[in-house]
Amino acid sequence: MFLPPGSPPKPLSDKSSSDWTPYQNHIEFETAEYFFVKNQTPAAQVNKLLDLWASTLKKHNDKPPFTDCRDLYKTIDKTPLGDVKWQSFSVHYNGERPDTDVPPWMDQVFEVWYRDPREVIRNMLANADYAKEFYYRPYREFSTDGNERQWKDFMSGDWAWDQADIISEDPESHRSTFVPVVLGSDKTTVSVTTGNNEYYQLYVSIGNVCNNVRRAHRDAVSIIAFLAIPKMTKEHATSDILETLCPGITKYEVACFGDGHFRRVIYGLGPYIADYKEQVLLTCIVRGWCPRCLSSRVNLDEPAGWHCHHHTDVLVEEGTLDALWDEYGIPFTNNFARANIHELIAPDVLHQLIKGTFKDHLVDWIEKYLYQMHSKKDAERIMDDIDQRIAAVPAFAGLRRFPQGRGFKQWTGDDSKALMKVYLSAIEGYIPVDMVHTFRAFLKFCYLVRHSIIMEKTLEQIHKALNQFYQYRKIFEALNVVSTFSLPRQHSLQHYILLIQLFGAPNGLCSSITEAKHIKAVKEPWRHSSRYNALGQMLVTNQRLNKLAASRADFTQCKMLDGTCLSAAALEVERKRTCTATALALELSVPHLPNLLRRFLFSQLNPNDPRDPSEVPLACCPQFEDKINVFNSACSRFFAPSDISGIGGMHREYIHTCLIWRNKHPWFDCVFVNTNPGLDDMRSMDVTRVLSFFSFTYKAQLYPCAVVQMWVVQPAHHANNMPHISIIHIDLIYHAAHLLPVYSTQLIPPQHQHYQTYDIFHYHHSFEIAF
């Protein structure tokens with residue numbers, strides 16, 4: 001029985017605002033979450049801290065929220081929310097065996113632990129935490145300026161739209177919500193006593209949530225299985241785990257959503273997030289081939305057709321299952337309606353672009369070229385200077401520094417992303433121009449595909465950057481640095497435009513999402529286990545994490561967590577350095593700062609005066625000798641369509657103006673300033689270096705300001721060679737700008753420090769555009 005259309009939903013929760021079940025009160029929940037989630041406190045330390053806490057309360061005839069760690073864990077386990085039990089089944093090899101030297105794994109039985117994916121997905125649908133960041137139907141979005149198509153979240157892509165068209169062919173499915181099931185898997189090694197140390201983790205998400213929700217997890221990505229690793233059984237196990245979804249793929253079922261409404265839902269297997277090794281296993285191809293297209297591994301960049309279901313269906317009809325598996329390989333999606341794993345392979349920015357094409361290809365090719373063109377001694381000297389250039393890059397909020405250059409043993413994805421921003425300027429002058437152009441085209445391609453909103457004109461720019469990359473990379477082949485460009489991860493770049501059109505912005509389906517979840521779901525639970533029968537302990541830890549997350553979402557929905565117990569500690573203490581304009585002038589060595597302040601105040605009080613403030617006689621400017629408040633930094637919050645944005649697309653960055661940073665050296669950041677609002681794009685911007693932030697009150701009006709030195713690509717000076725110093729309102733600041741020096745062929749002295757770079761080098765450029 002269905003409610004009449006337009007019926008209001010029942011309340012999401014009818015419980016009292018004082019009902020903290022299974023906890024007694026607010027402090028008990030916060031304590032449990034702090035111990036288990038935020039601090040991940042070992043059991044022995046939990047006991048110790050609770051014992052100390054109890055000793056301080058004994059004289060008041062009171063006691064702490066929990067008696068010991070067992071009391072803590074028992075309370076968490078009583079949580080009724082987010083409870084999807086772990087189950088298991090066994091798999092073993094039953095194929096052909098060699099006559100001699102039988103591998104041990106052929107005789108072993110492997111346990112596969114999993115949770116019902118259908119129940120996990122229904123919990124996601126019912127989660128009120130992201131009810132307002134949820135799409136109930138596919139959509140196509142166009143800009144109001146020019147009616148230009150744009151792609152953002154997954155449901156804006158053509159794949160979800162086409163799936164909805166196919167589903168609607170069945171009249172019984174009408175008025176149903178399509179729920180794409182996004183899967184991902186990753187491999188790790190854990191020392192469990194099972195005779196096999198390697199496990200796959202299988203993750204699930206849904207395509208309806210916004211990309212930023214999936215990137216930030218918020219339980220929109222959940223682990224549903226640990227798979228024992230024998231490769232020939234892995235795909236069959238995946239199919240068995242997902243079996244409970246099969247009925248809901250062809251016939252609707254009813255589910256409760258986060259907004260309180262009940263809706264019909266139809267599931268469908270959606271994109272699969274995986275690195276290339278995993279893609280090979282999933283699509284049952286030979287390594288070196290493309291998992292999406294039929295291009296020959298000898299020349300992957302030649303045009304070719306696509307893998308399709310028809311070929312697989314013919315093989316299924318003509319061959320036996322064992323023969324198909326041994327000789328051809330049948331993907332697990334063959335048992336699911338409307339699913340073709342070759343079409344569902346998601347773009348992987350992390351492994352295809354950042355770790356693959358950049359780190360494993362281009363960076364290695366540059367080093368190989370230098371050693372090929374120079375003697376070993378000269379090549380080592382050049383590599384050392386490249387490291388010095390990287391180490392000399394000025395500090396910038398949110399940008400990792402490399403004090404030793406790029407010479408570290410194991411590169412993480414974050415290492416590679418940070419190095420991409422500074423590597424081009426470090427190698428310029430040591431390599432041919434076409435190699436520089438190769439890097440430039442590739443970096444432009446990367447920055448474009450990592451946008452959170454991709455327009456039709458952005459696709460044209462991506463296509464142009466890709467063609468330039470293909471054109472300029474030929475120099476590596478001409479100089480015998482490489483012999484072939486048939487590299488699967490580099491070949492994948494040519495599929496990105498199609499994948500953006502199908503699945504939306506790639507940053508919502510990157511393997512960095514599953515790798516980040518992998519840390520929380522596997523590595524940290526493993527480190528906090530006893531190491532004996534660790535897998536069982538890891539499963540319990542994951543279940544408790546889910547329960548605590550579900551409790552937090554429920555309490556937040558009921559507005560029970562407004563003003564946390566630790567809110568007072570979150571207030572930022574603002575440190576003041578000086579209290580008068582004269583004192584600040586002495587500190588900054590800008591003696592005419594009080595006069596600049598008076599002229600700034602005149603411009604604020606007379607916004608229609610056409611004169612430049614420097615042309616206004618001081619006699620016409622108001623006097624100001626009151627106190628000012630000076631700050632070491634400013635925090636800027638703005639909407640930023642990129643992968644650095646948080647929930648809701650908002651990004652926060654700090655701009656530093658500190659004379660002594662950590663008692664060592666000064667730190668003065670640069671910013672983009674909007675000086676010509678009538679012009680478009682970068683023509684409206686100037687670059688300035690901020691020397692100080694301060695505020696003052698004049699006639700009950702607060703004026704937040706910045707003392708800046710004007711730059712273009714170098715520090716600006718007046719005709720008398722005095723630095724061009726100004727005071728501006730902070731509303732003119734667009735956001736922070738990170739400048740890199742133009743190194744040319746100049747060697748970096750070993751004693752050079754990164755904080756000297758802005759002052760020593762005269763010409764700079766920005767590593768990222770402002771828009």
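This is a short tour of selected helices, contacts and backbone details, to follow in your viewer.

**Start with confidence**

The model is predicted. Colour the protein by pLDDT: the mean is 83, and 83% of the residues reach 70 or more. Now select residues 192-196. Here the pLDDT is below 50, and the stretch has 10 contacts in the model beyond near neighbours in sequence. Next, select residues 568-576. In this stretch pLDDT also stays under 50. The model gives residues 568-576 7 contacts beyond four places in sequence.

**A cis bond before α1**

Go to Pro22, in the segment before α1 (26-38). Show the backbone from Thr21 to Pro22. Is this peptide bond cis or trans? The bond is cis, with omega near 5°.

**α5 against α20**

Select helix α5, residues 158-167, together with α20. Their axes come within 4 Å and cross at roughly 50°. An angle of 35 to 65 degrees falls in the oblique range, so α5 and α20 are oblique to each other. Show side chains at the meeting point. From α5 come Asp158, Trp159 and Ala160. From α20 come Gln501, Leu502 and Phe503. By class, this contact has 4 nonpolar, 1 polar and 1 charged residues.

**α17 against α20**

Keep α20 (residues 496-503) and add helix α17, residues 456-472. The two axes come within 10 Å, crossing at roughly 160°. Angles over 145 degrees count as roughly antiparallel, and α17 and α20 are therefore roughly antiparallel to each other. The crossing of α17 past α20 is right-handed. Which residues make the contact? On α17, pick Leu459, Ile462 and His463. On α20, pick Ile497, Ile500 and Gln501. Sorted by class, the contact of α17 with α20 has 4 nonpolar residues, 2 polar and no charged. Gln501 deserves a second look: this residue of α20 touches α17 and also meets α5.

**α22, end to end**

Move to helix α22, residues 534-557. How many residues does it have? There are 24. From first C-alpha to last, α22 reaches 35 Å, close to the 34 Å expected at 1.5 Å a residue.

**α21 against α22**

Add helix α21, residues 511-527. α21 and α22 pack at an angle of about 125°, with their axes 9 Å apart. That angle makes α21 oblique to α22. α21 passes α22 in a right-handed crossing. Now show the side chains in the contact:

- From α21: Lys520, Ala521, Val522, Pro525 and Trp526.
- From α22: Ala534, Met538, Thr541, Asn542 and Leu545.

An α-helix has 3.6 residues a turn, so residues three or four places apart point the same way. Look for that spacing in Ala534, Met538, Thr541 and Leu545, among the α22 residues of the contact. By class, the contact of α21 with α22 has 7 nonpolar, 2 polar and 1 charged residues.

**Last stop: Lys559**

Follow the chain out of α22 to Lys559. Where does this residue lie? Lys559 is in the loop between α22 and α23 (581-588). Check its backbone: phi is positive, about 60°, although Lys559 is not a glycine.

Technical notes. Residues are numbered from 1 along each chain as its sequence is written. This is a predicted model: local features need pLDDT of at least 70, side-chain atom pairs count only at pLDDT 80 or more; totals for chains, interfaces and linings use all residues. Side-chain values use heavy atoms; hydrogens and water are left out. Helices (H or I, at least four residues) and strands (E, at least two) are DSSP runs, numbered from the N terminus. The expected span of a helix is 1.5 Å times one less than its number of residues. Axes are lines fitted to C-alpha atoms, for helices over the stretch in contact, and angles run from 0 to 180 degrees between N-to-C directions. Angles under 35 degrees count as roughly parallel, over 145 as roughly antiparallel, 65 to 115 as roughly perpendicular and the rest as oblique. A crossing is left-handed if the near helix is turned anticlockwise from the far one by less than a right angle, and right-handed if clockwise. Contact means heavy atoms within 4.5 Å. Ala, Val, Leu, Ile, Met, Phe, Trp, Tyr, Cys and Pro count as nonpolar, Asp, Glu, Lys and Arg as charged, and the others, Gly among them, as polar. pLDDT is the predictor's confidence in each residue, from 0 to 100.
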